[in-house]
Amino acid sequence: MKVEQIYTGCLAQGAYYIESNGEVAIIDPLRETTPYIKRAAEDKATIKYIFETHFHADFVSGHVTLSKETGAPIVYGPTANPSFDAIIAKDGQEFKLGNITIIALHTPGHTMESTTYLLKDETGKDYAIFSGDTLFLGDVGRPDLAQKAASMTQEELAGTLFDSLRNKIMPLADEVIVYPAHGAGSACGKNMMKETVDTLGNQKKMNYALRADMTKAEFVKEVTDGLLPPPVYFPLNVKMNKEGYEDIDNVLDRGTQALSPEAFETAANETGAVVLDVRHQNEFVKRHIPRSTFIGLNGDFAPWVGALVADVAQPILLIAPEGKEEEAVTRLSRVGFDGTIGYLNGGVEAWEASGREIDTIVSKTAEEVKDELNTKPVFDVRKVGEWQSEHVENAHHTPLSLLNNHLSEFPEKETFYVHCAGGYRSVIAASILKNRGIHNLIDVAGGYAAIKKAGVTVTDYICPSTL
């Protein structure tokens, strides 16, 4: 028996490859299916089942394509209603895979079709659970994503999740391994651990949601408290996972067309495409095409595209490092952005050589501007938790994911500073602000880490008085 976690860091997502006696099961595959097919070929094995823990919201799964290419059936848990052929498992239904058994445990709450798959080894002993978004390490799946589809409130879904955990998962032995669908960084939970594999026994000790003495009311309050709005692309991904999607090969063929500067400019004007620059932030700061949006491949690329590019159907034109074009199109497609129509051949260098306009971002080190960061407007685009931990004294908090809600707060003429934790998100913010006609900004290179090192006055978050 082989169990392999295939973890994709930029999505904080875990897919799973399970093999026994020449038969393979794939759980929650990514959209690009070739790695799974090659892996099975190396084992001289056949992919027998494709298990889906639920209709994913944060990425487009590869289940439809993988089933088409291998003939393996797709398996969902009870109440799932996909538009394509699939096995809708009953609670407790067993699936034989070589010398092992996989059992569907219906664990609704995150979504109503959410299902945990229990793996029994060759001796019939409970070995591992593939918990999807029902149970994370240190947390559980957010219960607010399926409210409309389930005709339930998030509190009702949270109560359902409480029952699923208590009745289906917590009774299992402590030595059972937990393989979740996501880790730290995913928007599907709040407080996930950085580890991606653990034992159930340790989770019973470490995970607040598995406290033995916790009441349902306490669970509901803790699970629903502090939930941020889900990214805008989540409903599209659910729809694609439920109804099907275009073959990724077609998406790649269309998206990796090399365009001359003239053709690139014409396409941008005729289609209204988002010009998306995925180079390193330092390269974007030095020179970029005016009104292009920066979201670099070196960061949490796909989730930030999903959060910040509002219209998933809008065409996309890429500016990418040489040789990274296909990677960029692939990673966009993982979150349902299939509209890439080409990339700039020769990059910004070719654009500039053609005599077309170039723009820059003013960026200075924290040392250069440390005397001004406590006297001039500073805008912090980090997340709420980062801000609450510590921030520049008198700084404004304008989280990147909600930047468009704060545009009226930025000075019209006075120079202001923008920063994040390390320099990636602040350049994204700067590109968005410049797109909105706000150019009187200075990016603080190196972000908060450099600011603090430079000795700028900082302060802890002060909770507003309830008196």
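This passage describes a sheet with its helices, a hairpin, two loop residues and a pocket in a predicted model.

An open sheet is formed by six strands in the order β1-β2-β3-β4-β5-β6, and the pairing within this sheet is mixed. Its edges are β1, residues 2–8, and β6, residues 87–88, each of which pairs on one side only. Strands of a sheet are held in register by backbone hydrogen bonds, in either a parallel or an antiparallel arrangement. For β1 and β2, the latter comprising residues 13–20, the pairing is antiparallel and extends over seven bridges. One bridge joins Thr 8 to Gln 13, its partner in β2.

Two helices lie across strands of this sheet. Helix α1, residues 34–42, lies across β1, β2, β3 (23–27) and β4 (46–51). The direction of α1 makes an angle of about 25° with that of β2. Helix α2, residues 63–70, lies across β3, β4 and β5 (74–76). In this case the angle is about 155°, taken relative to β4. Strands β3 and β4 are thus listed for α1 and also for α2.

Further along the chain, strand β9 spans residues 115–120. Of its six residues, five are buried, so β9 is largely enclosed by the rest of the structure. Strand β9 pairs with β8, residues 100–106, in the antiparallel sense, with six bridges between them. Within this pairing, Ile 103 has Leu 118 of β9 as its bridge partner. Strand β9 also pairs with β10, residues 126–132; this pairing is antiparallel too and has four bridges. Here Leu 119 is placed opposite Ala 128 of β10. Strands β9 and β10 make up a hairpin, with five residues between the two strands. In the turn of this hairpin, Gly 124 has a positive phi of about 90°.

Two loop residues with opposite exposure were examined. Val 456 is located in the loop between α17 (447–453) and β24 (458–459). The relative accessibility of Val 456 is 6%, and because buried means under 20%, this residue counts as buried. Leaving aside residues up to four places away in sequence, Val 456 touches Lys 370, Leu 373, Asn 374, Val 392 and Ile 451. For one of these contacts, Lys 370, the separation along the chain is 86 residues, while the C-alpha atoms of Val 456 and Lys 370 are 5.8 Å apart.

Ser 408 lies in the loop between β21 (396–397) and β22 (416–419). With a relative accessible area of 73%, Ser 408 is exposed, because the term applies to values over 50%. Between Ser 408 and Cys 10 the distance is 31 Å from C-alpha to C-alpha, and 398 residues separate the two in sequence.

The second largest pocket contains about 570 Å³ of space. Its lining consists of 22 residues, and those closest to the pocket centre are Leu 145, Ala 146, Ala 149, Ala 150 and Val 238. Two or more lining residues come from each of the elements α3 (147–150) and α7 (234–243). Helix α7 gives the most to the lining, contributing five residues. By residue class, the lining of this pocket comprises twelve nonpolar, five polar and five charged residues.

Technical notes. Residues numbered from 1 in each chain as written. Predicted model: local features only at pLDDT ≥ 70, side-chain atom pairs only at ≥ 80, totals over all residues. Heavy atoms only, no water. 1 Å grid on protein atoms, 1.4 Å probe; cavity = no way out; pocket = protein on both sides within 12 Å on 5 of 7 lines; lining within 4 Å. Points joined across faces, edges and corners; volume = space filled by probe spheres on them. Nonpolar A, V, L, I, M, F, W, Y, C, P; charged D, E, K, R; others polar. Pairing = 2+ DSSP bridges. Contact = heavy atoms within 4.5 Å. Axes fitted to C-alpha atoms, helices over the stretch in contact; angles between N-to-C directions. Buried < 20%, exposed > 50% of the residue type's maximum accessible area, 1.4 Å probe, protein only.
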